[in-house]
Amino acid sequence: MSSCPMPTDKGGSTMTDHTDTAAANQPLHGHTGAPLWLLAELTYRCPLQCSYCSNPLDFADVKEELTTDEWIDVLTQARAMGAVQMGFSGGEPLVRQDLEMLVAEARRLGFYTNLITSALGLDEARILALREAGLDHIQISLQASDPDVAAAVAGSRKAHAKKLAMARAVKAAGYPMVLNVVLHRHNIDQLDNIIALCDDLGADAVELANCQLYGWAHLNRAGLLPSEAQLEAAEATTRRWRETLAERGRDMRLLFVVPDYYSDRPKACMGGWGAIFMTVAPDGAVLPCHSARMLPMSFPTVRERPLREIWYDSEPFNRYRGDSWMQEPCRSCDERRRDVGGCRCQAYLLTGDPAATDPVCDLSPDHHLIEAARREAAGDARTLNELTLRNVHASRIFCRA
Amino acid sequence: MSTTADTGMNGSTVYRLRPGWRLQWEEAQQRHVLLYPEGMVQLNDSAGAILTTLDGQRDVDAVVATLQAQFPDAPAAAIEQDVHEFLSDADRQGWIHHD
């Protein structure tokens, strides 16, 4: 998938000010707040093959996508629970021919509707149809400024030119234009050109999101994680651009999402497990984030139980709420409510224990794993052509495993 | 009324929400929220009341007069000050803009 709308910085995209929302939605006296955010992953099908995709490695195992009626029921239930921001994502959501119908229904229910797309499958007629359906916002992902790098990352030679044309068409249709560029070691040194391209396209905001290392990105970590020197240079470039844009009076916001592998404290992932965010996967599995599917636990689906029951009462959604599940060093740490112990997916991917302290934290006994990844990133790493592309063929290998 | 230096606001400034942004009452949260691409600002009662009066026609003075008529029990000067402070702040935050 291209990227994901998030209350925190996981998956390549981010919301800017959800600290307040998360704080305002904190459980009071043990009560769980409403899922303010719904991410509807309509499909795992995608014409691109980005090697940092956050979809599960075994996505090819998921066959029975929810029908139009089932999705409308999900939207209705989620809205009744208080969800108000929603993203249509995937895979590539434009693959679904009923997207316009789902957008219209979501808008009618009162959702603020975001389409998170690669722009493949978009044309001017569809932009117009989505506009008429009431879509509020289209976020297009770019892979690079350089067509060759973009082609290698996305596994498609034609995609880049198409994306540029559609970005201009989206802007012309009167949408706020937010571009999302997932950064990694093969494109981060071109950041100056990338921002210049976004400026030229007339973007209102640009998310410069260092790829977060889950799913296919974790598989390809050695070939994706930038070195610390690359990261510092990119941050300096971003600062320079912010000054230039301000001098020109150009209102283009640059949001730089750092890779948490270079932090000493973990991110408060998703504002907390089952706190404000809910993902519904293509087959109706309900997840606390779009990566959680790979955890060693099973999640209920909307085909089995009402959404309200899943969110408030199911065992998986309650397992990592609050702090009673925490182990040391989190359990006795003063900062445990600020960062909620970090990310459960990252803890599992790196230590094998989803209840462990996120190894990003330098108080974690497993922090050496992060330091080793940093050292690896400082040296020579895999070339672009050595990355495993995300496609059905590669996924089947993980299905069998 | 004095001009607010950094936003250029004065009594005849007409503010509107940024394109693509939406103000909405949320029954579940019992408050107004400001919705924008992938984000949400949760508003308190006075912020919600002020933004509700921004209809693309009213200028700042008219917003003040509307709210003074709507809340006759509140001191008029306090309402005026609240509106000016909130609108400058909302402008600086990028929630609203003017031509």
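User: Before I read any contact statistics, what makes two residues count as in contact?

Analyst: Two residues are in contact if their C-beta atoms, placed from the backbone, lie within 7 Å. Now the case here, a predicted model. In chain A, take the contacts with a separation of 6 or more: residues 24 or more positions apart account for 74% of them.

User: And what share of the contacts between residues at least 6 apart in chain B joins residues at least 24 apart?

Analyst: In chain B that share is 46%.

User: How confident is the predictor in chain B and in the complex?

Analyst: Chain B has a mean pLDDT of 90. Of its residues, 94% reach 70 or more. For the complex, the predictor gives an ipTM of 0.89 and a pTM of 0.90.

User: How do I judge compactness? Start with chain A.

Analyst: Count the elements, then set the radius of gyration against the globule rule. Chain A holds 16 helices and 9 strands. Its radius of gyration is 20 Å, close to the 21 Å that the rule gives for 401 residues, so chain A is as compact as a globular protein of that length. Its C-alpha atoms fill a box of roughly 50 × 50 × 45 Å along the principal axes. Buried residues make up 53% of the chain.

User: What is the order of elements in chain B, from the N terminus on?

Analyst: The elements run β-β-β-β-α-α-α-β. The radius of gyration of chain B is 13 Å, close to the 13 Å from the globule rule for 99 residues, so chain B is as compact as a globular protein of that length. Its C-alpha trace spans about 35 × 30 × 20 Å along the principal axes. Of its residues, 28% count as buried.

User: How do I read a sheet?

Analyst: Write down the strand order, then look at the edges. Chain A has an open sheet of 9 strands, ordered β7-β6-β5-β4-β3-β2-β1-β8-β9, with mixed pairing. Strands β7 (253–257) and β9 (286–287) of chain A each have a single partner strand, so one side of each is left without a neighbour in the sheet.

User: Which sense does the pairing of β1 and β2 in chain A take?

Analyst: Parallel. Strand β1 (residues 37–41) of chain A pairs with β2 (residues 85–89) of chain A over 5 bridges. Pick one residue: the bridge partner of Leu39(A) in β2(A) is Gly87(A).

User: What lies across the sheet?

Analyst: Look for a helix over several strands. Helix α7 (residues 191–201) of chain A lies across β5, β6 (205–210) and β7 of chain A. It runs at about 165° to β5(A).

User: How do I read a nonpolar core?

Analyst: In soluble globular proteins, nonpolar side chains tend to be buried together. Here the largest nonpolar core has 139 residues. Leu38(A), Leu179(A), Leu34(B) and Val83(B) touch the most other members. Strand β5 (residues 177–183) of chain A gives the largest share, 6 residues.

User: Leaving aside neighbours within four places in sequence, what is Leu179(A) in contact with?

Analyst: Its partners are Ile140(A), Leu142(A), Ala167(A), Cys198(A), Leu201(A), Ala203(A) and Val206(A).

User: How do I read burial along a helix? Which residues of α5 in chain A are buried?

Analyst: List the buried positions, then ask what covers them. In helix α5 (residues 147–154) of chain A, Ala150(A), Ala152(A), Val153(A) and Ala154(A) are buried. Their cover includes α6 (159–172) of chain A. Just after α5(A), Gly155(A) takes a positive phi of about 70°.

Conventions: Residues numbered from 1 in each chain as written. Chains lettered and ligands numbered in written order. Predicted model: local features only at pLDDT ≥ 70, side-chain atom pairs only at ≥ 80, totals over all residues. Core = buried A, V, L, I, M, F, W, Y, C linked by C-beta atoms within 7 Å. Buried ≥ 20, exposed ≤ 12 C-beta atoms within 10 Å, placed from the backbone. Helix = DSSP H or I, 4+ residues; strand = E, 2+ residues; numbered from the N terminus. Pairing = 2+ DSSP bridges. Axes fitted to C-alpha atoms, helices over the stretch in contact; angles between N-to-C directions. Rg over C-alpha atoms; globule rule 2.2 N^0.38 Å. pLDDT = per-residue confidence, 0-100.
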